[in-house]
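Reader: I am new to this structure and would like to know how its labels are justified. Could we take them one at a time?

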Amino acid sequence: MSVEDAPTDSAGTPDDHGTLYVVGIGPGLPDHMTKRAKEVIESADVVIASSLYQEFLRDDGTIPSEERTDDEGIATREDGTEQEIVRSTMGRQIELARAAFDYVREGKDVAHVSGGDPSVYGKSDLIFKMAEEESATDVPIEVVPGMTAALGGAANVGAPLCNDFCTVSLSDKWRGWDEIEEKLRAAAISDFVIVLYNCWRNYEQAVEIVREERTDDAYVAIVNDAGRADAGRNGESQFITTLGEAADHDDKVSGMGTSLIIGNHETETWHNDDRTYLVTPRGGRDVDDF
């Protein structure tokens with residue numbers, strides 16, 4: 001269906017409706033959450049978030065503490081108003097999307113919380129697909145962006161994304177491995193810096209595919225829980241190696257919080273007294289080229 005053919009609602013959004021916010025909280029800690037994201041979650045009537053994200057938001061004071069929350073998830077804020085906290089899990093995504101639409105129709109503002117950015121392997125696509133399936137054209141939806149792992153991980157290791165880059169998810173839950181392999185190969189041939197998400201699945205196989213198109217001395221950063229310090233599942237860390245040796249460091253790949261940044265032929269290292277950084281020049285290699 002083209003944009004011109006898309007249905008329109010001449011009546012607009014009913015005045016008694018709230019708004020559904022799909023909110024990216026980045027890594028989840030306050031230093032890396034946007035002011036807009038914090039304000040939306042603090043003021044929402046209903047917050048839908050996983051147990052981990054609830055923990056982050058409570059530690060920050062963005063949502064009320066467990067002590068101020070009853071067994072039904074009704075929390076009392078400092079000003080005496082109530083906020084409903086709903087636990088999100090992977091198996092309840094469709095159910096909770098429908099529930100969010102109902103809350104909005106009751107006049108409530110809903111903050112549906114996503115880690116990182118909600119449009120980078122997050123929740124925003126599901127919300128829109130469910131809105132289409134449920135004919136929820138009366139529900140206002142606003143996406144609040146957050147810092148994704150590619151950006152957080154890149155900052156931790158220097159400046160590896162200063163030229164063209166792409167992200168590829170290794171999760172084969174929604175697409176087959178053949179399609180993932182095709183994208184990896186195309187990205188490698190095109191000399192993109194490649195950021196791999198969901199490295200708890202098939203990361204060694206992905207590395208081997210890229211090796212077929214790229215030299216073994218290309219630099220690779222293995223980044224865990226970027227921006228989460230010690231609050232993540234396994235603790236924040238970064239390790240720089242090469243493409244030829246990346247698969248030998250499976251002990252550094254800790255799970256869902258791990259991303260791999262694979263440099264291109266221009267990516268180089270820069271050293272100071274304390275550590276090694278990765279840098280992919282935006283243009284030429286000399287300052288005069290900028």
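Author: This is a predicted model. Across the interface of domain 1 and domain 2, three residue pairs are in polar contact, both residues of each pair being at pLDDT 80 or more.

Reader: What makes a pair across the interface of domain 1 and domain 2 a polar contact?

Author: The N or O atoms of such a pair must lie within 3.5 Å, and one must be able to donate a hydrogen that the other can accept. Three residue pairs across this interface meet the rule. The salt-bridge rule, in contrast, finds zero cases between domain 1 and domain 2.

Reader: Which classes of residue make up the side of domain 1 that touches domain 2?

Author: That side has nine nonpolar residues, one polar residue and no charged ones. A salt bridge needs Lys or Arg on one side and Asp or Glu on the other, and these four count as charged. With no charged residues on the domain 1 side, the zero count of salt bridges fits the rule.

Reader: Where do the two domains run, and how far apart are their C-alpha centres?

Author: The domain assignment gives 20–147 for domain 1 and 150–282 for domain 2. Their C-alpha centres lie 29 Å apart. Ten residues of domain 1 are in contact with 13 residues of domain 2.

Reader: How much area do domain 1 and domain 2 bury between them?

Author: The size of an interface is often given as the accessible area lost when the parts come together. Here the value is about 930 Å², with 65% of it on carbon and sulfur atoms.

Reader: Why is the contact of Glu179 and Arg175 called a salt bridge?

Author: The cut-off is 4 Å between the side-chain nitrogen and the carboxyl oxygen. For Glu179 and Arg175 the N to O distance is 2.7 Å, so the pair qualifies. Arg185 and Glu181 also form a salt bridge, their closest N and O atoms being 2.8 Å apart. The structure holds 19 salt bridges.

Reader: Are Glu179 and Arg175 buried, exposed or partly exposed?

Author: Partly exposed lies between 20% and 50% relative accessible area. Glu179 has 33% and Arg175 has 35%, so both are called partly exposed.

Reader: How do you know that the count of disulfides is zero?

Author: A disulfide needs two cysteine sulfur atoms within 2.5 Å. The cysteine sulfur nearest to that of Cys166 belongs to Cys199 and is 13 Å away, and Cys166 is in no disulfide. Cys199 is likewise in no disulfide.

Reader: What makes Cys166 and Cys199 buried?

Author: Buried means under 20% relative accessible area. Cys166 has 17% and Cys199 has 2%, so both are called buried.

Notes. Residues numbered from 1 in each chain as written. Predicted model: local features only at pLDDT ≥ 70, side-chain atom pairs only at ≥ 80, totals over all residues. Heavy atoms only, no water. Buried < 20%, exposed > 50% of the residue type's maximum accessible area, 1.4 Å probe, protein only. Domains from an automatic or database assignment. Contact = heavy atoms within 4.5 Å. Buried area = accessible area lost by both parts, 1.4 Å probe. Polar contact = N/O pair within 3.5 Å; in protein donor to acceptor, adjacent residues only side chain to side chain.
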